[in-house]
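Please read the following numbered points alongside the sequence and the structure. Each point takes up one feature and may be checked in turn.

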Amino acid sequence: MKSPASDTHSPLSRTAVAVMGLVTVLALVVAVILSNPGAPGAASSSSMNQTHEATASAHVTPTGETTRVTVGVDGMSFTPSRIEVPAGNSLIITFTNTGDQRHDLVLENAVESGSLAPGESTTLDVGIVSSHIEGWCSLPGHRQMGMVLNIIATGIEGDNANGEAKTSDSAGHTGHLGHAASSSSVNTHDLLTHAKTREPRDPTLSPIPNGDVHKYTFTITEHTDKITDTLTQETWTFNETSPGPTLHGKIGDTFRITLVNKGTMSHSIDFHAGLVSPDANMRSIEPGETLTYEFVAHNAGIWLYHCGTPPMSMHIANGMYGAVVIDPSDLDPVDHEYVMIAAETYLGANGETADANKLAAMIPDATAFNGIPFQYSAHPINVKVGDRIRVWVLDAGPNLPISFHVVGTQFDTVWREGDYLIQERGRGGGAAQVLSLQAAEGGFVEFTPLEAGHYPFVNHAMSLAEKGLRGVFNVTE
Ligand SMILES: [Cu+2]
């Protein structure tokens, strides 16, 4: 048995390693003999061959006893979430995912279960417990939501004597095995420079397709996407775009969506545009599974859709959101009709998912209309003087409000969350400077630029505009 940390050129350390190895072997032999092979959940003898010496320390004498526990999942917690083990005992955990989406269990001594689907079970040989060991679920955001397992070594002197649980790493920037991986930051210049290299997403609202029944397949994938020329993040998407496809229909239309999960974890979808029972339609599905979700659009609006698998903040922040536009029955024709979906980005380490702590603190690194910060500053939207323009705005969040403003214009028509706040024709007098929306709210504004020029549109919560929620209408004669 080798110690990876040993210097084999030193006779002293070679002797020490040999003694430690002998102690470990003896402890294991005793543990195998003492453990009851007929006990429920008993590990097979082959799994006992894997030991984890990282947990052994010099001041704890192996007892030769084995502690066996079963651990399940309830929502976003392990049950139990705390295990007491007499110091020096070996520990065998039978981990069953009794939750409703995929989870894993990773211990700080590098023992891990691998990702388990709901109902799956595995056995973890933790080794000899000599001090407190923390465990957690490594799926993005799950640890921060509370999926922490504390293994307490009892009966030893020192700071573990009271069996005090460690608090979960408040920095929380942990990689798969708990090593710190610093989250990223970004500046306006780099975001704008990158936006110039990207093809902008066409903000034009597509016409309503023919017929009363609209069928789509939404395929979920997980991949990396560039944020700047040098920084990438793992994004989760419907049909490889974030936002996902914008659907458009009229009141009374039926939408039939086949959801296909080609990712590595559980995902789902929740269409605010429909009136359906969440139980079956919005359930999480496993990688490889499909789900048919059908709804009738009873009411007008720009409706959010999003993945509803916990932690929802993480699934939305990683890109799983989009819009369904259902026209009010009294819409007038306009020259241009656009969709702007506002969302926030909370950068994790390069190449990784959103940072769960920034997400919880609601302090985004970047913000964007239609997925790419500053894309309509880099690629202004061209209109003519006197054109009538309608802009549908949806706040996909996941957290922060938007105060949508177009510099140099006033909105003579504002429709927000189901009704007109201001309606141009027939009601003279007032106009609006912003359409204000909380997370998941939506509406539209109409306006007409009267002179040529460059008309910025922004989130007038200015600090959020400065992180990317900004674009320009280029108005020409
Ligand atoms: Cu998801």
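1. The note begins with two aromatic residues, in a model that is predicted. Phe369 has a relative accessibility of 1% and therefore counts as buried. Phe404 is likewise buried, its relative accessible area being 0%.

2. How are the rings of Phe369 and Phe404 arranged in their aromatic pair? A pair of aromatic rings is described by the distance of the centres and the angle of the planes. Phe369 and Phe404 form an edge-to-face pair, with 5.9 Å from centre to centre and 85 degrees between the planes. Because Phe369 lies in strand S18 (residues 366-369) and Phe404 in strand S21 (residues 402-406), this pair ties together parts that are 35 residues apart in sequence.

3. Phe369 and Phe404 also belong to a cluster linked by ring pairs. The other members of that cluster are Tyr338, Tyr376, Phe411, Phe447, Phe457 and Phe473.

4. The count of aromatic pairs in the model comes to 23. One of them is the edge-to-face pair of Phe78 and Phe95, with centres 5.8 Å apart and planes at 65 degrees. This pair links distant parts of the chain, since Phe78 is in strand S2 (residues 77-79) and Phe95 in strand S4 (residues 90-96), 17 residues apart. Phe78 and Phe95 are both buried.

5. Charged side chains also meet rings. The charged end of Arg143 sits over the ring of Trp136, at 3.9 Å from the ring centre. The charged end of Arg390 sits over the ring of Phe444, at 5.3 Å from the ring centre.

6. The strand pairing merits attention. Strands of a sheet pair through backbone hydrogen bonds, either parallel or antiparallel. An open sheet is formed by five strands in the order S19-S27-S26-S21-S24, and its pairing is mixed. Strand S19 (381-384) and strand S24 (435-437) are the edge strands, each pairing on one side only. From one strand to the next, the twist averages 20 degrees.

7. Within this order, strand S26 (residues 453-459) and strand S27 (residues 470-476) run antiparallel and are joined by six bridges. Phe457 stands opposite Gly471 in S27. Phe457 is also one of the residues in the aromatic cluster.

8. Is strand S12 (residues 254-261) mostly covered or mostly uncovered? Six of its eight residues are buried, and the strand is mostly covered. Strand S9 (residues 213-226) runs parallel to S12 and is joined to it by eight bridges; the bridge partner of Val213 in S12 is Thr254. Strand S14 (residues 290-296) runs antiparallel to S12, with seven bridges between them; here Thr258 has Thr292 of S14 as its bridge partner.

9. Which residues are the protein donors of the copper ion? They are His267 through ND1, Cys307 through SG, His315 through ND1 and Met320 through SD, at 2.0 to 2.7 Å from the ion. In sequence, the spacing of these donor residues is H-x39-C-x7-H-x4-M. The angles among the four donor atoms are 87 to 135 degrees, and the site is irregular. Two of the donor residues, Cys307 and His315, are buried.

Definitions and conventions
Residues numbered from 1 in each chain as written. Predicted model: local features only at pLDDT ≥ 70, side-chain atom pairs only at ≥ 80, totals over all residues. Heavy atoms only, no water. Donors = N, O, S within 2.8 Å, 3.2 Å for Na, K, Ca; no water. Tetrahedral: all angles 85-135°; square planar, octahedral: opposite > 155°, others 65-115°. Buried < 20%, exposed > 50% of the residue type's maximum accessible area, 1.4 Å probe, protein only. Phe/Tyr/Trp six-rings, centres within 6.5 Å; stacked < 30°, edge-to-face > 60°. Helix = DSSP H or I, 4+ residues; strand = E, 2+ residues; numbered from the N terminus. Lys NZ or Arg CZ within 6 Å of the ring centre and 35° of its normal. Pairing = 2+ DSSP bridges. Axes fitted to C-alpha atoms, helices over the stretch in contact; angles between N-to-C directions.
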